[in-house]
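Colleague: Got a minute to walk me through this one? I'd like to get a feel for the fold before lunch.

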Amino acid sequence: MTRIILTRHGQTLWNIEGRVQGRLDSPLSETGLLQARSLANRLKDEGIQYIYTSDAPRARGTAEEIRREIGLDQLIINPALREFSFGDWEGHIWGELRKAYPDLFKIWDASPHLVTAPGGENMAMVLLRSWDFVQKILDNHPGETICVVTHGLTLKLLVTKALGFEIHDWTKTPWQNNTALNIFEVDGDEWKPELVGDCQHLEKIDQRN
């Protein structure tokens, strides 16, 4: 049985501002660093043998906190785990984009899987590249425990697929908050969930703030 831990990076400055990140990047906020360290502390006894991460600095920074806590020598970095590319929207405020593209956002709100971001990707493209890469990870590490650090939309699509839902049913899975934790046992094509979208490690941080 292979165990795979899927998680998201910590909060960034652009998350706070409501700004589209996608392939662009924003540094982890002070809270984001605390989130990453709390996640790392929670994962220290999970027996993680390898950590795979998106090449975006916000994901790598989060993965580095986990690596340091559990004492691994290195991260394995791959662009297949990048966030959904929002193309021309990246760097802009979500609220402003809604005003600029009202017709497109009507479709996005009802059926986001039908939308290709201007100059960017759609959900099917993101799931194809990320899921195929996760399958390669599983093939390379049978019977081991692996941690994957990625991004909000990419993670939600992976979890949706892992739970057996189609892209158009993605609302059936929880939104993946910063450092949300998902743990699956994988046996062939069967994914058995242990945790989905769990953020208990953030409770102390929330109380502090």
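**Strands, helices and a pocket**

Modeller: Sure, and keep in mind that the model is predicted. Let's start with one pair of residues: Arg3 sits opposite Glu185, which is in strand 5.

Colleague: And how many bridges join strand 1 to strand 5?

Modeller: Six, and the two strands run antiparallel. Another pair there is Ile5, whose bridge partner in strand 5 is Ile183.

Colleague: What does Arg3 pair with in strand 4?

Modeller: Its bridge partner in strand 4 is Thr145. Strand 1 and strand 4 are joined by six bridges and pair in the parallel sense.

Colleague: Is strand 1 buried or exposed?

Modeller: Seven of its seven residues are buried, so strand 1 is largely enclosed by the rest of the structure. Both faces are covered, with Thr2, Ile4, Leu6 and Arg8 on one side, and Arg3, Ile5 and Thr7 on the other. In a regular strand, side chains alternate between the two faces of the sheet.

Colleague: How many residues of strand 5 are buried?

Modeller: Five of its seven, so to speak a mostly covered strand. Strand 5 also pairs with strand 6, antiparallel, through six bridges. Asp187 is opposite Glu190 of strand 6.

Colleague: What links strand 5 and strand 6?

Modeller: They form a hairpin with two residues between them. Gly188, in the turn, has a positive phi of about 65°.

Colleague: OK, zoom out. What order do the strands take in the sheet?

Modeller: The order is 3-2-4-1-5-6, in an open sheet of six strands with mixed pairing. Strand 3 (76–77) and strand 6 are at the edges with a single partner strand each, so one side of each has no neighbour in the sheet.

Colleague: Which helix packs on the sheet and touches strand 5?

Modeller: Helix 2, residues 30–43. It touches strand 1, strand 4, strand 5 and strand 6, and its direction makes about 40° with that of strand 5. Helix 3 (residues 57–70) lies across strand 1, strand 2, strand 3 and strand 4, and runs at about 170° to strand 2.

Colleague: Back to strand 2 then. How does it run relative to strand 4?

Modeller: Parallel, with four bridges joining strand 2 (residues 50–53) to strand 4. Tyr50 is opposite Ile146 in strand 4.

Colleague: Different topic: why is helix 7 largely enclosed?

Modeller: Because ten of its eleven residues are buried. Among them are Gly152, Leu155, Lys156 and Ala162.

Colleague: What covers those buried residues?

Modeller: The cover includes strand 1, helix 5 (102–110), helix 6 (123–140), strand 4 (145–150), strand 5 (181–187) and strand 6 (190–198). After helix 7 comes Gly164, with a positive phi near 90°.

Colleague: Last one, pockets. What volume does the largest pocket have?

Modeller: About 360 Å³. It is lined by 21 residues, and the closest to its centre are Arg8, Asn15, Glu83, Trp94 and Trp175.

Colleague: Which helices supply at least two residues each to that lining?

Modeller: Helix 1 (13–17) and helix 7 (152–162).

Colleague: And what kinds of residues make up the lining?

Modeller: Eight nonpolar, nine polar and four charged.

Notes
Residues are numbered from 1 along each chain as its sequence is written. This is a predicted model: local features need pLDDT of at least 70, side-chain atom pairs count only at pLDDT 80 or more; totals for chains, interfaces and linings use all residues. Side-chain values use heavy atoms; hydrogens and water are left out. On a 1 Å grid over the protein atoms alone, a cavity is a set of points where a 1.4 Å probe fits but cannot get out, and a pocket is an open set with protein on both sides within 12 Å along at least five of seven lines; lining residues have an atom within 4 Å of a point. Grid points are joined across faces, edges and corners, and a volume is the space filled by probe spheres set on the points. Ala, Val, Leu, Ile, Met, Phe, Trp, Tyr, Cys and Pro count as nonpolar, Asp, Glu, Lys and Arg as charged, and the others, Gly among them, as polar. Buried means under 20% relative accessible area, exposed over 50%, partly exposed in between (1.4 Å probe, protein chains only). Contact means heavy atoms within 4.5 Å. Two strands pair if DSSP finds at least two bridges between them. Axes are lines fitted to C-alpha atoms, for helices over the stretch in contact, and angles run from 0 to 180 degrees between N-to-C directions.
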